[in-house]
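Got your viewer open? Let's walk through this model one selection at a time.

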Amino acid sequence: MNEVIQNILTRRSIRTYQEKQISDEDLNAILEAAKFAPSGMGRQNWHFTAVQNKEIMDKLILAIKEALQKSEIEQFKKMGSNPAFNPFYGAPSIILTAYEKNSQTGVSDCAAALQNMFLAAHSLNIGSCWIHVLAFTGNDPKVRSILTELGIPEDYELSGTAALGFNSKEAPKAAPRKEGTVTIIK
Ligand SMILES: Cc1cc2nc3c(=O)[nH]c(=O)nc-3n(C[C@H](O)[C@H](O)[C@H](O)COP(=O)(O)O)c2cc1C
């Protein structure tokens, strides 16, 4: 099996991280991988925001948790009020993805960019996880005001966030693959 496919098959979502920061070189390589993802009609109507500042991250986490507490969904409320809950699992780096609101392919464009980032990170021995919470709390006024401070345009919607850092535990094993999800017609 070639290295690229091996990298795809061995990537796992990582939810426990060391405090140690990833290098600027690796961060830039991961962002470059994001920028080279496919996008609808090649429009690249996305924006990637890397945050490595703990104070800013903590402020964002607090606002996200407050937004979750306002949710009508009981599970989200519980997450928001749980002092131990950190949506980014303590990852030292996060990369927020956002897309132009009117883009017809923005959600998919960001998903392609996120997967490129996860695979690039894995190839560099950096753990990663897709964090979805900003996709549904990104328009909460307090969360949005922080996103605006971070330079995310008001007319951009938030998609997934990539949590990035060095694993502090062995990566989990992959779940068995579901049967019957593929049809080949010749
Ligand atoms: C659209 C999407 C949203 C996700 N959101 C979260 C999330 O908010 N938090 C989290 O811990 N994992 C999240 N994940 C990661 C999945 O839980 C994970 O990919 C899945 O359990 C399979 O595990 P694997 O990535 O190790 O193969 C998300 C994945 C996708 C594709």
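Start by selecting lysine 101 and glutamate 157: they form a salt bridge, with their closest N and O atoms 4.0 Å apart. A salt bridge here means a side-chain nitrogen of Lys or Arg within 4 Å of a carboxyl oxygen of Asp or Glu. Lysine 101 sits in the loop between β2 (93–100) and α5 (106–123), while glutamate 157 belongs to strand β4 (residues 156–165), so this pair ties together parts that are 56 residues apart in sequence. The helices and strands on this tour are DSSP runs, numbered from the N terminus (helices are H or I with at least four residues, strands are E with at least two).

Before you click on, two notes on what you're looking at. This is a predicted model, where local features need pLDDT of at least 70 and side-chain atom pairs count only at pLDDT 80 or more, while totals for chains, interfaces and linings use all residues. Residues are numbered from 1 along each chain as its sequence is written, and side-chain values use heavy atoms, with hydrogens and water left out.

Now, are the two partners buried or exposed? Glutamate 157 is buried, with a relative accessible area of 18%, and lysine 101 is partly exposed at 44%. The cut-offs are these: buried is under 20% relative accessible area, exposed is over 50%, and partly exposed is in between (1.4 Å probe, protein chains only).

**More salt bridges**

How many salt bridges does the structure hold? There are 6. As a rule, side chains of opposite charge can pair when their charged atoms come close.

Next, select glutamate 149 and lysine 59, whose closest N and O atoms are 3.0 Å apart in another salt bridge. Glutamate 149 is in helix α7 (residues 141–149) and lysine 59 is in helix α3 (residues 54–69), so the pair ties together parts 90 residues apart in sequence. Glutamate 149 counts as exposed because its relative accessibility is 57%, whereas lysine 59, at 41%, is partly exposed.

Keep those helices on screen and add lysine 142 and glutamate 66, a salt bridge with 2.8 Å between the closest N and O atoms. Lysine 142 is in helix α7 and glutamate 66 in helix α3, so to speak two distant parts of the chain, 76 residues apart, linked by the pair. Both partners are partly exposed: lysine 142 has a relative accessible area of 43%, and glutamate 66 is at 30%.

**Into the pockets**

Time to switch to a surface view. The largest pocket has a volume of about 230 Å³. Of the 14 residues lining this pocket, the closest to its centre are Lys54, Met57, Gly90, Ala91 and Pro92, which makes them good ones to select. What counts as a pocket? On a 1 Å grid over the protein atoms alone, a pocket is an open set of points where a 1.4 Å probe fits, with protein on both sides within 12 Å along at least five of seven lines; lining residues have an atom within 4 Å of a point. The volume is the space filled by probe spheres set on the points, which are joined across faces, edges and corners.

Colour the lining of the largest pocket by class and you get 5 nonpolar, 6 polar and 3 charged residues. In this scheme Ala, Val, Leu, Ile, Met, Phe, Trp, Tyr, Cys and Pro are nonpolar, Asp, Glu, Lys and Arg are charged, and the others, Gly among them, are polar.

Now move to the second largest pocket, about 170 Å³ in volume. Its lining is Leu68, Met79, Phe85, Pro87, Tyr89, Trp130, Ile131, His132, Val133 and Phe136. Which elements supply at least two residues each of this lining? Both β3 (127–131) and α6 (133–137) do. By class, the second largest pocket's lining has 9 nonpolar, 1 polar and no charged residues.

**Two backbone spots**

Stay with tyrosine 89 from that lining. Tyrosine 89 has a positive phi of about 55° although it is not a glycine. You'll find tyrosine 89 in the loop between α4 (74–81) and β2, partly exposed at 32% relative accessibility.

Then jump to glutamine 44, another non-glycine with a positive phi of about 55°. Glutamine 44 lies in the loop between α2 (24–35) and β1 (46–51), and its relative accessible area of 47% makes it partly exposed.

**Last stop**

Finally, select Met1, Val4, Ile5, Ile8 and Leu9, which make a nonpolar surface patch of about 510 Å². Isoleucine 8 is in helix α1 (residues 3–10) and is partly exposed at 39% relative accessibility.

Definitions and conventions: Patches are made of residues with over 30% relative accessible area and no salt bridge: like charges are joined within 9 Å, nonpolar side chains (Val, Leu, Ile, Met, Phe, Trp, Tyr) within 5 Å. Accessible areas come from the Shrake-Rupley method with a 1.4 Å probe; for residues, only the protein chains shown count as cover.
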